[in-house]
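Here is a short guided tour to read with the model open beside you. We will begin at a turn, move through the strands and helices, and finish with a few single residues.

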Amino acid sequence: MAQWLPALLVFLPALYWFFDPPPPAGDVEVRLARHRNLGKAFYENPTTQKESVTEFRQALAIAPNSARERLNFGLALLRTGQIPEGTAELLRVQRQDPKLPHTWFNLGIVYKKAGEAEKAIPQLERFIQLVPDDPIGHYNLAAVYKLGGRTQDALREFVRASELDPELAATHFQLYNAYRTGRRQDDARKELARFQEIKKRQEGAAIPEDIEWNAWAEILDIAHDQPSSPSETGAIAFDSRRIAGSADGGMLLDTNGDGRLHVVTWSSDGIRVDGVPATQGVSNIEFATAGDFNNDGLPDLAVITPAAPLLLRNTGKGRFEKLTNGGIPEGNFHAAVWIDYERKNQNREKRR
């Protein structure tokens, strides 16, 4: 018996692993939400986009049948220059869910950059059928029509893009060239003047004009592949629950990356999460707004007090800590808004 003991000790852990039950559903949801949040934060920062591929790959491994996870993985591959791999993933998503505008727009841009007008045209035509009022979609469809020699179709789409967004400088330049070539000199002069006027105003802008970016080039945040109609989800009912403490305002936030929304309230007592105090040494809060300033996938808070605006960092444990070097200017504020003015997901507070 003694000589079998080492082998038995080796066998037992293997047996435990074999029959070890899968992690509880809640744990899977927490891990999935964490990979999604980190992937989005990495994707939006040009210095960490390779890390977004890793995070979205792990999210896809958890939910391999999710169009959302595969779409975000494919977008991350494209953003990091892995074009064939990203294209293949987006084509799979397109077959799985042809109603998602993201695949049609991004594949159209991929084929446009490769000079493949015959592939880009149907992609972008379908995109503007799904999103008819997007000026960037019309602009790029016009560009691939022009690439394919369909000049009249291109002119029509450039005009439509200009109608939808008169401040899009690139459209006026394209119209200037089209009218000049078509011997419409008065129209050409007007479009050139308009183009020059807009470019002058854009000088020094924090975000340069990007005619290959729109909301559908970004990560999909919502659980698109979940049923949404009442017939699929059944009857909807609400109940009420009283939360401890007073409140002058509130919002719903996924404060800890577990995929669930929590009630965040503020008052003279400070910040509370689901009725539980979540700050120390912060009081008399008049206004609060959420944004992820440090790209950790968790929402932080900018708050307004009578004394000064403050930046509160989310610790991920249901609490927020005050930062003394948050870089927020002193002064009297009434409200704040987060903006990614460099498109690097580095949010800032802005006086309003």
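Let us start at a hairpin: β7 and β8 form one with five residues between them. In its turn sits glycine 316, with a positive phi of about 85 degrees. Please keep in mind that this is a predicted model, and that the values below are computed from it.

**The sheet around the hairpin**

The two strands of the hairpin run antiparallel and are joined by four bridges. If you want a pair of residues to click on, take leucine 312, whose bridge partner in β8 is lysine 322.

On the other side, β7 (residues 309-314) pairs with strand β6 (residues 300-304), again in the antiparallel sense and over four bridges. Here isoleucine 304 stands opposite proline 309 of β7.

Which order do the strands of this open sheet follow? The order of the four strands is β5-β6-β7-β8, with antiparallel pairing. At the edges are β5 (287-291) and β8 (320-323), each of which pairs on one side only. From one strand to the next, the twist averages 30 degrees. As background, strands of a sheet pair through backbone hydrogen bonds, either parallel or antiparallel.

**Another strand pair**

Now look at strand β1 (residues 249-253), which pairs with strand β2 (residues 262-267) in the antiparallel sense over five bridges. Methionine 251 has valine 264 of β2 as its bridge partner.

Which residues of β1 point to the buried face? Gly249, Met251 and Leu253 point to one face and are buried, whereas Gly250 and Leu252 point to the other and are not buried. In a regular strand the side chains alternate between the two faces of the sheet.

**Two helix pairs**

Two packed helices are described by the angle between their axes and the distance between the axes. The table gives both values for two pairs in this model.

| Helix pair | Angle | Axis distance |
|---|---|---|
| α4 (residues 67-79) and α5 (residues 83-96) | about 155 degrees | 8 Å apart |
| α6 (residues 101-113) and α7 (residues 117-130) | roughly 150 degrees | within 8 Å |

With α4 and α5 packed at an angle of about 155 degrees, α4 counts as roughly antiparallel to α5, because angles over 145 degrees are put in that class. α4 passes α5 in a left-handed crossing. The residues of α4 that meet α5 include Leu71, Phe73, Leu75 and Leu78. On the α5 side, Ile83, Leu90 and Val93 are among the residues in contact.

For the other pair, the axes of α6 and α7 cross at roughly 150 degrees, and therefore α6 is roughly antiparallel to α7. The crossing of α6 and α7 is left-handed. From α6, the contacts include Trp104, Phe105, Leu107 and Tyr111. Among the α7 residues they meet are Pro122, Leu124, Phe127 and Leu130.

**Two residues of one helix**

Helix α3 (residues 49-62) contains serine 52, and alanine 61 is found in helix α3 too. Are they buried or exposed? Serine 52 has 0% relative accessibility, so this residue counts as buried. Alanine 61, at 61% relative accessibility, counts as exposed.

The surroundings of serine 52 are worth a look. A polar atom of its side chain lies 2.5 Å from the backbone oxygen of glutamine 49. Leaving aside residues up to four places away in sequence, serine 52 touches Gly39, Phe42, Tyr43 and Ala76.

As for alanine 61, its C-alpha atom is separated by 9.4 Å from that of leucine 32, and the two residues are 29 apart along the chain.

**A loop residue with a positive phi**

Where does arginine 183 lie? Arginine 183 belongs to the loop between α10 (169-181) and α11 (185-202). Its phi is near 65 degrees, a positive value in a residue other than glycine. Most residues other than glycine have a negative phi. Arginine 183 counts as exposed because its relative accessibility is 73%.

**The whole protein**

Stepping back, the protein has 12 helices and 10 strands. Of its 352 residues, 42% count as buried. Among contacts between residues at least 6 apart in sequence, 47% join residues at least 24 apart.

Definitions and conventions:
Residues are numbered from 1 along each chain as its sequence is written. This is a predicted model: local features need pLDDT of at least 70, side-chain atom pairs count only at pLDDT 80 or more; totals for chains, interfaces and linings use all residues. Side-chain values use heavy atoms; hydrogens and water are left out. Buried means under 20% relative accessible area, exposed over 50%, partly exposed in between (1.4 Å probe, protein chains only). Two strands pair if DSSP finds at least two bridges between them. A polar contact is a pair of N or O atoms within 3.5 Å; within protein, one must be able to donate a hydrogen and the other to accept it, and residues adjacent in sequence count only if both atoms are side-chain atoms. Contact means heavy atoms within 4.5 Å. Axes are lines fitted to C-alpha atoms, for helices over the stretch in contact, and angles run from 0 to 180 degrees between N-to-C directions. Angles under 35 degrees count as roughly parallel, over 145 as roughly antiparallel, 65 to 115 as roughly perpendicular and the rest as oblique. A crossing is left-handed if the near helix is turned anticlockwise from the far one by less than a right angle, and right-handed if clockwise.
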